[in-house]
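Hi there,

Here is the structure I promised to pass on to you. Have a look at it first, and then read my notes underneath.

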Amino acid sequence: MVGIKDQIKALTEAIERESVLIHRDALIGAYRDLKKVAKFGLDKLIKKAAEYGGRKGAKTLKEKYAIYTDRLDEAMDVLSIIAESSRMIGYFDYDPKAMEIKIEGSILVEAIPKSDKPVCEPMAGFFKGFLSEFLEKDYEVKEVQCQAQGYEQCVFRIRQKGAKK
């Protein structure tokens, strides 16, 4: 059986090999521009693309780097490493009992610092895709609070499809 330290080492190698460097300011500017045309349904497409990215990332970790778990808390540990090393957020925490992910310093909030609605739904899509593929169960992830709305943290609620509330 492969130890967790070996899996974390494999995860670090995967991030280095599988990631692409894109300038942070370019991502912020692109998201700001895309949100301007979100009324045309582009926001749903962006979230779906992020979900695909999450699924693809989880599949790569399993198939190429033999990183597996069937436990939500361990999957969240892996997701935490990915999220923080991506530099898309500054802080990632999760509460498996409350079924919530909490983040701070989102690059998407940098792009849209004030909004009546949450602006980090693409991250919800990524989290959904990653967890669903990695754990081989269907999950829904929804942003329920956003720093762009004035909250201290962005909060994402996780729900396993078919599970009782």
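Below is what turned up, starting with two helix pairs and ending with a pocket.

Please keep in mind that this is a predicted model.

A quick word on the vocabulary: two packed helices are described by the angle between their axes and the distance between the axes.

Let's begin with helix H4 (residues 72-85) and helix H6 (residues 121-135). Their axes lie 11 Å apart, and the packing angle is about 135 degrees. Angles over 145 degrees would count as roughly antiparallel and those from 65 to 115 as roughly perpendicular, so H4 and H6 are oblique to each other. The crossing of H4 past H6 is right-handed. On the H4 side, the contact is made by Leu-72, Ala-75, Met-76, Val-78, Leu-79 and Ile-82. H6 answers with Phe-126, Phe-127, Phe-130, Leu-131, Phe-134 and Leu-135. Sorted by class, this contact has twelve nonpolar residues, with no polar and no charged ones.

H6 also packs with H3. The axes of H3 and H6 come within 7 Å and cross at roughly 35 degrees, and here too H3 passes H6 in a right-handed crossing. From H3, the residues in contact include Ile-46, Ala-50, Gly-53, Gly-54 and Arg-55, while those from H6 include Glu-121, Gly-125, Lys-128, Gly-129 and Glu-133. What is the mix of classes in the contact of H3 with H6? There are nine nonpolar, five polar and eight charged residues.

Finally, take a look at the second largest pocket, which holds about 360 Å³ of space. Its lining is made of 16 residues, and Lys-35, Asp-43, Lys-117, Pro-118 and Glu-121 lie nearest the centre. Which elements supply at least two residues each to this lining? They are helix H2 (24-36), helix H3 (42-65), H6 and strand E3 (139-145). H3 gives the largest share, with four residues. By class, the pocket lining has seven nonpolar, one polar and eight charged residues.

A nice way to start is to find Glu-121 in the viewer: this residue of H6 belongs to the contact with H3, and Glu-121 is also among the residues nearest the centre of the second largest pocket.

Happy exploring!

Technical notes:
Residues numbered from 1 in each chain as written. Predicted model: local features only at pLDDT ≥ 70, side-chain atom pairs only at ≥ 80, totals over all residues. Heavy atoms only, no water. Axes fitted to C-alpha atoms, helices over the stretch in contact; angles between N-to-C directions. Parallel < 35°, antiparallel > 145°, perpendicular 65-115°, else oblique. Left-handed = near helix turned anticlockwise from the far one by under 90°. Contact = heavy atoms within 4.5 Å. Nonpolar A, V, L, I, M, F, W, Y, C, P; charged D, E, K, R; others polar. 1 Å grid on protein atoms, 1.4 Å probe; cavity = no way out; pocket = protein on both sides within 12 Å on 5 of 7 lines; lining within 4 Å. Points joined across faces, edges and corners; volume = space filled by probe spheres on them.
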